[in-house]
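The following note sets out several points for consideration by a colleague who works with computed structures. It begins with one term and then proceeds point by point.

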Amino acid sequence: MHRLSHAGRRPHRRDRPPHRAPLPGSPGDGDAYIDPAYFRPLFAQDLPRSTTGFMAATQWPGAPAALVTPSGPPAWRSVPSWYLIARQDRIIPPEAERAMAKRAGATTVEIDSSHVAMMRHPDMVTNLILRAARQPW
């Protein structure tokens with residue numbers, strides 16, 4: 001079970017001010033964030049604790065409605081797509097990532113990483129982006 005909270009604000013801690021208001025454009029929707037106690041094991045289990053502690057304390061909450069609100073026509077229907085699947089992702093299941101990549105007809109690369117592959121494997125992520133950018137449309 002994912003430990004997400006959405007009480008309209010982040011939990012208050014003495015060493016940081018409480019979150020002031022829901023995100024713009026989400027009146028009444030509240031905020032969703034990962035409980036700092038579960039942040040590292042859910043979001044970034046392969047990063048150092050000092051890094052994930054900072055990430056947990058400074059995370060910006062998202063509006064839960066963003067997970068279900070249609071975004072409009074998907075770019076992947078007309079633009080070549082690339083997808084990096086993080087095999088150790090505990091936020092988006094790798095099976096779901098594979099299904100989304102397949103639906104998009106994406107060139108797919110898999111790596112052993114948590115949800116934050118760009119932090120754990122910056123060179124691999126950069127190389128994938130550069131490889132995709134060099135491809136003709």
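1. A residue is called buried here when its relative accessible area is under 20%. The model under discussion is a predicted one. By that criterion, both Phe39 and Phe43 are buried.

2. These two phenylalanines also form an aromatic pair, with 4.9 Å from centre to centre and 45° between the planes, an arrangement classed as tilted. A search of the whole structure returns one aromatic pair. Why are Phe39 and Phe43 separated by about one helical turn? The separation arises because the two residues stand four apart in helix 1.

3. Phe39 and Phe43 also belong to the largest nonpolar core, which has nine residues in all. The other members are Ile34, Leu42, Ala44, Leu47, Met55, Ala56 and Val116. Helix 1 and helix 2 are the elements that give two or more residues to this core. Helix 1 provides the largest share, namely three residues. As general background, nonpolar side chains in soluble globular proteins tend to be buried together.

4. Which residues of helix 2 are buried? They are Thr52, Met55, Ala56 and Ala57. Met55 and Ala56 are also members of the core described above. The cover over the buried residues of helix 2 includes helix 1 and helix 4 (117-120).

5. Gln45 deserves a separate comment. This residue sits in the loop between helix 1 (36-43) and helix 2 (49-58). Its relative accessible area is 17%, and the cut-off for a buried residue is under 20%; Gln45 is therefore classed as buried. The side chain of Gln45 reaches the backbone oxygen of Gln88 at 2.8 Å. With neighbours within four places in sequence set aside, the residues in contact with Gln45 are Arg40, Gln88, Arg90 and Ser114. Gln88 thus appears both in this contact list and as the partner in the 2.8 Å approach.

6. The final point concerns the second largest pocket, which holds about 240 Å³ of space. Its lining consists of Val79, Pro80, Trp82, Tyr83, Leu84, Leu128, Ile129, Ala132, Ala133, Gln135, Pro136 and Trp137. Strand 3 (82-86) and helix 5 (122-134) each supply at least two of the lining residues. Which element gives the largest share of this lining? Helix 5 does, with four residues.

Definitions and conventions
Residues numbered from 1 in each chain as written. Predicted model: local features only at pLDDT ≥ 70, side-chain atom pairs only at ≥ 80, totals over all residues. Heavy atoms only, no water. Buried < 20%, exposed > 50% of the residue type's maximum accessible area, 1.4 Å probe, protein only. Polar contact = N/O pair within 3.5 Å; in protein donor to acceptor, adjacent residues only side chain to side chain. Contact = heavy atoms within 4.5 Å. Core = buried A, V, L, I, M, F, W, Y, C linked by side-chain atoms within 4.5 Å. Phe/Tyr/Trp six-rings, centres within 6.5 Å; stacked < 30°, edge-to-face > 60°. 1 Å grid on protein atoms, 1.4 Å probe; cavity = no way out; pocket = protein on both sides within 12 Å on 5 of 7 lines; lining within 4 Å. Points joined across faces, edges and corners; volume = space filled by probe spheres on them.
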